[in-house]
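Please look through the structure below, and then follow the paragraphs that come after it, which move from charged pairs to the contact between chains and end with a group of strands.

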Amino acid sequence: MRRFLLRRTLWFALTLWAVITVSFFLMRSVRGGPFSSERSLHPAVEANLEARYHLDWPLWKQYLHYLGPLNLDEQGATWLGGSGEDLWGGVLTGELGPSFKYRDFTVNEIIAQSLPISLALGSVALLWAVLVGGSTGILSSLRPGGRLDLGLRLFATAGVALPNFVIAGALILLFGFQLELLPVAGWGSFSHLVLPGIALGAPFAAYISRLTRTGMLEALAQDHVRTARAKGLPEHLVLSRHTLRGALLPVVSYLGPAAAGILTGSLVIERIFAIPGTGSHFVNSALNRDYTLSMGVTILYTTLVYGLNFLVDLTYTLLDPRIRLEEA
Amino acid sequence: MPVVVAMRGVRSRRSSAALLLLGALALGAWSLVGKARLVRADFVMANGGEVTSLDPARVTGVPEGRVLYALFEGLVVKHPQTLEPLPGMARSWEISEDGRRYTFHLRPEARWSNGDPLFASDVEWSWRRLLHPDTAAEYAYQLWGVVAARAFSHHPRDRGLFLEQGLWVEARADTLRLGLQPPSPELLDGGPPLVLRCTPGESFERGDVLIQVGERELSAPFSGRCRAHNLPPPTGEGPVDPYAADWLLEWEASSDELEQARAQGRLLEGSELEQALWDRVGIRALDEHTLVVDLVHPTPYFLQLTGYYPLFPVHRRSLEEARRRNPKTWRRQWLAPENLVTNGPFALYERRINDRLRLRKNPYYWDADRVAMDTIDILAADNYGTLLNLYLTGEVDWIDRAPPNLVPRLLEREDFRPTPYLGVYFYRVNVTRPPLDDRRVRTALALSIDREAICEKIVKKGEQPNWGLVPHGMPGYRRAEMKHAPRKGGSPRVAFEADCERARALLAEAGFGPGGKELGEIELLYNTSEAHRDIAEVVADGWRRHLGVDARLVNQEWKVYLDTQVQLDYDVSRSSWIADYADPNNFLSVFVGSGENNRTGWSDPAYDEWIERAAREADPARRAELLRAAEEILVRELPILPIYTYVSTNLVKPRLGGFHENVQDDHLPKFLYWMDDEELERSRQARAAGSQVSPGGPDSGLYPPAAARGAER
C-alpha cells in the first residue's frame, strides 16, 4: 500500500509538471495577448503594463518565476537582484498568481470562490445521476426486453443523445415559465441548483443507466449467481450481495473521470443558468488570454482527474476482493 | 464463519462511509447555498460580464463603467437625458477665456463613504495616480491634454537628470536617454522649432551641440555614441514633434560624470524626480476646495471628461494604508468590499466573482436624500437567453442586450425601444495592399455595400445607414458623408442601383473589370460571430453581383483577429468604434497617421493638420467645421467603408423612472427610481403620444418626483 501511494504520488508530480510546462508554452505561443483590445494601448502604457506582469521578461524566466519556488521579481532573493522581502512564490508554493483579466483577484481567490459552487452543483448532478441512473439500470436488467426495459432504454438513449443545453431549455420552459416553480437562472438558494443539477446530470444518468444494465445482465449470467439462487437465497440478497457489486465495476471506473468533469463545472450549464462556478473559466480564460487563470484551472483539473482516478482504484479493491493495489 | 462476520463488519463500515460521504457533499452544498442567500435588491441590473476591476484607473470597458458610475463620482455628472455636465463633486467651475484654464470649486459637503471629507487634493492625487507609470493605466491618455501630463506618464522609473528647463535625461546605470518635457507651450504654439543635431550611430564629444530650440542651444553633458531611439528622419534635421517622440536620443556616460552631476544637484532620484516632474503638470489643488487645471489646448470636451470614470477620485488614505499593511497584495486589497471607500451615490457591500456586486446607498453622499434605491445588484450574467429569461421572470429590471433572433418580436413590446447611440460599425481597408491602395477601388467597394439591406434584414433594430465615420446624433456637429445617390424622397433601391453604376464606372476608370486587369480576390476578415458573418455575407454578395469582385470570408478568434488587424495582415476587416465622450474628435483622431488605432496604413498630412488645428481652436463652431474638414478628407479617401450607426438594445421595466435612452447609452443609477401607478400611466400616455416626458422645472426628469419634493421641503 505504501509503495503504491509513493509511486502514485511521484507519477502525479511528474504528470503535473508536464501539464504545467506544456500548457505554459502552448498558451504563450497563441497569438494575441491579455492586453490586446479593440483600442490599442499607447506603446508606453503597454510597456508599463507588461512590466507590471513581467511579460517583458524572457519566456524561460517567466516560466521559472511561475513554477517557483523562487520568487524572481524585484522583491525576490538578494542574490537574484531583488530586495529579499519575499523569497518564495509560484505554483510550487501554492500561488497561482494574479489574474490578468479579473485584476482585483488572484487565481487562488477565483478558484476558492468558484470551485465550491461547482462542487455543490456537481454533487447534486452526480447524486441524481447515480441514484436515477443506477436504479433505472437495475430495473431495466430485471426483465430484459420487457416493456419497462424498453421504455427506460428509450429514455437513456435520449438522455445520451440530447445535448444538455437542449435539456436545460426544456426544463426552463417547463419549470420556470409554465409551472413557475423554480428560478430560471441565478445563484443564491438551493432551488437555484435543481434545474442546472438535473440538466448537468442527465447525460451522465443516462449513461450510468446503460452501464448498470449491461453490468447487471453480465453478472446475472455468472455461475456464482446461479449457485446462490440454487442455494435458495432470496432474490433481493442475490441481487444486492452477489450481482450488484460486480455489476457496478464499470460504473465506478466511469465515475472517476466523469466526476472530475462534472465537479469542475460545465461551461454550457453554468452560462445558461448564470451559476458562478469554475466551468466558465476553462474556456473564457483561454479566450481572454488570461494566462494565469487558464493555467490555474488546468492545474485544478489535472489534480482532480488524478485524485479521482486514485479514488476509483481504491474503490476497486473494496468492490472486488480479487484486486490488490500492489498489482495496480 | 468468523471471516464472514468480519467481512460483514467491513461492509457495513464501507457503506456507512459512502453514506457519510454523500451526506457531507449534500451538507456542504446546503451550507454553501445558505451563505449565498440574499434578499432581492431594490434594483437589479445585468451587466453583461464580470468586471475587470473596480479601480477607476485600471479599466476601460462599458460594464466596468456602469459599476463605477454607481460607486464613484467625478467633478461633474452627466445629465441622464442630455448628458450635459451637471455639478457633481464640483459645485461650480469657471473656464478661462482662452479655454485653457479650468477652475473647479468642490463641494464643501463632499464626503467619502466612510465619512472622510473630500478635498481638491484628493482629486489632484488621484489624477497623479492615473498618470503615474506605475499605475499602468490604459486610460492615462485621457488626461494628456493637461500641460506636461504626458511626460509625467512617461517619466523614468529610477533616476533623471535635469539639463535645462523642459529637457531632462533618464539615467540608468550606463545609458542616458534624453527626453523632452512636452508639451511646453512655447515649443508647440508657433514657438521656435526644435532641431536635433545628432545622427544615429555618430560619436559626439562633451559640449557638442545636440539640440537647438530656437536661439537656445543645448550641449551634450557627456561624450559618447549617440544611439537613436524614436528619432525623426535620419538626417536629424527639421522640427521635431514632441508628441511623436517620447525619447529622442540615447547615449552613454561614465559613473564619474554621473557623480559630478549629482554633486551639482542636477541628478534627481526616485520620488525627488517624480515630484520635480509633477510640479510642472498643470493640475493643482489651490486650497481644500479649489482645483485648477491648465490645458495645452482649449479642449471643449474636457468638462465632460471630468465626469468620465477614469478621472474619478479614489480614496488616498485607504490605498496608502493597504500599501503599508500588505506591500504585496495592496493593489487588490484596497478594492475588497470591506476596504473600498468610494465617493459616489452607492458603496460596495458584497462582491462575488462572476455572480454579482451588491451595492448599498452611501449615506455620506452629498445628494443622498435624492437617491431612491437603497440596494442595487449588478449581475455578471452575459448569455443572451439567460438574461432574457431573468428579465421576463422579473428577477432583473434592466438588461442591455436582446437575443438577435428575437428582435422582431421584442420590438412589439413597450419596454424595448432601440435608440441610436454614438457607435459605428464599419470596415477598415488595408490601403498598403494593391489594388486597395487605389482610392477608386475603395470608393467602388464602399458604394456597393447594400446598407439598407444590412440594417433592415440583418441587424433589424432600427440602425441607420452611415456614409461617414462620425455616427448620427453627434451633438453640435454636421457630419460629412461620402458621395452617394440621395436616399430621401426616392426609393433606396433605385439609389443603390445608381451607386453601383458609379462603382462600376470607378472600377473601369481604375483599369479593372471587363477588358481590364483582374482585381483578384479580396479577403474579408471578421471576428468569429454569427452577426458579423451575416453582414459580411451581404457585403461579399454585393461586391460579387454588382462589381464582379470576389470576396472570401475569413473569421478569426477575437484576439487573433485583433493581432491580424494591428499587423496589417488583412485586406478588409470588420471594425467598430464607440465614443468615450460625445465629441467627433473621439472618432476622427483614430485615423491620424501616428494613431495606434489607425490600423489601415492610411495617413494624410492634410487630415492630421485639420485635426491638429481643431485641437487648438477655442471656438466650438469653428472647431466643428475644422473637424468636419478632416472628415471630408476621410470620406473622400475612404480608408474605411462606413456601414451603420449602432442602436442601444435595452430592455427596461416600464416602471423604472429616471432611465432615458441617450446617445451614449449611459444610465446613471443615481437618478433611477420606481414610478407610482399614476406616474407610470402618465409616462405611458406620453410615450404613446410619441413624446418624451416634457421638461418642466430645472431638475425635471432628474429626480424622482417624491424625492424632488422632499428636497424642496
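A salt bridge is taken here as a side-chain nitrogen of Lys or Arg within 4 Å of a carboxyl oxygen of Asp or Glu. The structure is a predicted model, in which local features need pLDDT of at least 70 and side-chain atom pairs count only at pLDDT 80 or more, while totals for chains, interfaces and linings use all residues. Residues are numbered from 1 along each chain as its sequence is written, chains are lettered from A and ligands numbered from 1 in the order in which they are written, and side-chain values use heavy atoms, with hydrogens and water left out.

By this rule the structure holds 58 salt bridges over all chains. One of them joins B:Arg487 to B:Asp499, with the closest N and O atoms 2.6 Å apart. B:Arg487 lies in the loop between β24 (464-465) and α15 (492-509) of chain B and B:Asp499 in helix α15 itself, so the pair ties together parts that are 12 residues apart in sequence; helices (H or I, at least four residues) and strands (E, at least two) are DSSP runs, numbered from the N terminus. Both B:Arg487 and B:Asp499 are buried, where buried means under 20% relative accessible area, exposed over 50%, and partly exposed in between (1.4 Å probe, protein chains only).

A second pair in chain B spans a longer stretch of sequence, as its own positions show: B:Arg351 and B:Glu50 form a salt bridge whose closest N and O atoms are 3.3 Å apart. Because B:Arg351 lies in strand β19 (residues 346-352) and B:Glu50 in the loop between β1 (43-46) and α2 (62-71) of chain B, this pair ties together parts that are 301 residues apart in sequence. B:Arg351 is buried, at a relative accessible area of 8%, and B:Glu50 is buried too, at 11%. The salt bridge between B:Arg533 and B:Glu537 (4.0 Å, N to O) lies within helix α16 (residues 530-547) of chain B, its partners being 4 residues apart, about one turn of the helix. Here B:Arg533 is partly exposed at 33% relative accessibility, and B:Glu537 is partly exposed at 41%.

Turning to the two chains, the contact (heavy atoms within 4.5 Å) takes 61 residues from chain A and 67 residues from chain B. Chain A and chain B bury about 5800 Å² between them, 52% of it on carbon and sulfur atoms, buried area being the accessible area (1.4 Å probe) that two parts lose on being put together, summed over both. Of the area that chain A buries against chain B, A:Glu38, A:Arg39 and A:Asp104 supply 14%, more than any other three residues. Across this interface the rule finds 7 salt bridges, and A:Arg31 forms a salt bridge with B:Asp563, with closest N and O atoms 3.0 Å apart.

The last part concerns strands of chain B, where two strands pair if DSSP finds at least two bridges between them. In strand β18 (residues 290-294), 4 of the 5 residues are buried, so this strand is largely enclosed by the rest of the structure. Strand β5 (residues 101-106) runs antiparallel to β18(B) and is joined to it by 5 bridges, with B:Thr103 standing opposite B:Val292. Strand β17 (residues 283-287) is likewise antiparallel to β18(B), through 4 bridges, and B:Ile283 has B:Val293 as its bridge partner. With 2 residues between them, β17(B) and β18(B) form a hairpin.
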